[in-house]
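This report concerns the pockets of one protein model. Please examine the sequence and the structure below before reading on.

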Amino acid sequence: MRELLCVAFVVLNCISCIHAKTVYACNFDDATSVDNCFTSVINVAANIGNPSAVTPSGPLSDVTSSLKPTDSGEACKLPYKVGSFSWNMYFCNKGYCPTENNSNSTCKPGKFSSVSLTDNNKKSFQLKTESGGIDSVDQQCLIYYYYMSSITGTKIITVTKEETSGTKEIIDSVTSSPFNGWIQRKILFKAEIRGYKLYFEAQRTSGFQAPTVGFDEISIREGSCDDQHITSDPMAVTSVLVQTTTTTTPAKTTTTTTTTTTTTTTPVIVATTTTTTTTTTTPVIVATTTTTTTTTKMPEPVQTSVAKTTTATLTSLIEITALNTADSLATTAVTIRRTTSDAGAGSDDSSNTVIIVLATVIPVVSIVLISTIIWFKKSSLKSYFADGETLAQAVEAIKNLTDGTRPGRPRVTTPKQDQQVITLAEKETFVTSQDITNRLNKKGLDISQRTVQRRLNEAGAKYNRPLSKPLLTENHREKRLKWAEDQRTTDWNQVIFSHETTIRMNSVKGLVWNLPGKKKVMRTVKHPFKINVWGCFSARGFGRVVCFKENLNADLMCHTYKYGLLPTARKQFGHDSTLWKLQEDNDPKHTSKKATT
């Protein structure tokens, strides 16, 4: 009895899968920043930047270009390398990508949406529909693609459902990306009432850089995410070939048979087709092929038997064969939409509906029923059903089969504790992983130093030297503010910027990781060789570079202006032009009388 109940539960689930259909679908291929899949403005582009030696910080192509077949019908072979770059490429490279048989296939064009998280404020985007909400209810499956750059800092993508009553629920949350490309998400949720809304939200919760988050190919369909769904577009059909063959035997009398085929609900107008088969008294023998519709002619009255299978969403291709008095064979192909009916059968819409349901459900139910019975006989899952167990308990036991424990050691910290580790590292300037471990241990959290380091690495933190910035006094601030106000009318296209630096050979900079008993050694000299470099540039390009070994003073500064600055100004602004000016800092060498006269 229990086995039959479980079989019935599985069969009902399988039948419900047939009715899954897409209720919302949108991409950004034909969208703009103002008119797109969301109700608010969002950046829409075909790519963000071009490949370089640095790992891309934004999508270089959209989902259509990256993951769908190219013009040659083959999919891009991802990932691949671009030139000598060390990172893996998960996008089309300027409209092209390698496939199995072509190293430079043309990608299909498309666009996507993206948002740059320049601050910690949450960016929210509501899905746009004609009615303002999604017209569907009960079990729903949300499918979308997202991109999240690997720039240092904590960021999060959330998808929130809002019912018509105002109740909000977060149905999806993403904090990282397994690789630098488009990632597909499938989210199963339940809608209480038709007209619910979905919001896609992105936020940078920590860090100073501006990571990029992208969205593309958003769709919602009814039923489970594992269903084989049908679209609401009636043109999405499958063609089935049905062959009709007429076999004629020798006869002494003349027999005429008329077969009429009528088509209904067809986007392509098909007229009623009449085929007349006439056989003379002369014996004629026609070869017989595999038949679906067979007409047999004997000396007795002609009998016609018709066998057909019709599905509401299928397009049937029927071959109508006619045999004329000259014994020649003519074949006509007719494309018929949805329902093919025989004129002499006298069937109506209700009988067609019954045939459609039976033809779809019976094979599926039969296969599932036989497979499930065999599986239950041999499976050890029968131990889940004890004596006296009710139907509800049996159903609940089947549902819980997917919620078993998974392999691997569980994390020793919760998301809230992970955030505590990141917060301590952000607030304290010279705190070490051991310091963080000691503080958390004092609060009662049993955590090791290695775990702290892993949590910081997951957040993108790196152990290196802090940035050095000058300490500004109030006088410095006032002077800088006054200088900025004075430069409001400056044409920066007419300004040359210059600076100098020192390059030392065999100097030790930065931090290294040393293993116990194995310290890394850098060979150095007491007075390392150094070279001073002066350079300049403007909006019109780079200028000359002057190298020297001496310490920079006023005389050497004049020498640098003569052989570096003046030739650059003449080349970029003209030989006699006086419209340009030099921008330097207030170093004494720059403000000396020799350098300024």
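The largest pocket has a volume of about 1500 Å³. The model in which this pocket is found is a predicted one. Its lining comprises 35 residues. Those nearest the centre of the largest pocket are Ala425, Ala461, Lys462, Tyr463 and Asn464. Three helices each give two or more residues to this lining, namely H5 (415–427), H6 (433–442) and H7 (449–458). Of the elements, H7 gives the most, with five residues. The lining of the largest pocket also draws at least three residues from each of domain 1 (113–222) and domain 2 (415–459).

The second largest pocket holds about 820 Å³ of space. It is lined by 30 residues, and Thr154, Thr175, Ser176, Glu458 and Ala459 are the closest to its centre. Here the elements that give two or more residues to the lining are strand S8 (155–162), H5 and H7. H5 gives the most to the lining of the second largest pocket, with four residues. At least three residues of this lining come from each of domain 1 (113–222) and domain 2 (415–459).

The table sets out the classes of lining residues.

| Pocket | Nonpolar | Polar | Charged |
|---|---|---|---|
| Largest pocket | 14 residues | 15 residues | six residues |
| Second largest pocket | ten residues | 14 residues | six residues |

What does each of the two linings take from domain 1 and domain 2? The lining of the largest pocket draws at least three residues from each domain, and the lining of the second largest pocket likewise draws at least three from each.

Technical notes
Residues are numbered from 1 along each chain as its sequence is written. This is a predicted model: local features need pLDDT of at least 70, side-chain atom pairs count only at pLDDT 80 or more; totals for chains, interfaces and linings use all residues. Side-chain values use heavy atoms; hydrogens and water are left out. On a 1 Å grid over the protein atoms alone, a cavity is a set of points where a 1.4 Å probe fits but cannot get out, and a pocket is an open set with protein on both sides within 12 Å along at least five of seven lines; lining residues have an atom within 4 Å of a point. Grid points are joined across faces, edges and corners, and a volume is the space filled by probe spheres set on the points. Ala, Val, Leu, Ile, Met, Phe, Trp, Tyr, Cys and Pro count as nonpolar, Asp, Glu, Lys and Arg as charged, and the others, Gly among them, as polar. Domain bounds come from an automatic or database domain assignment.
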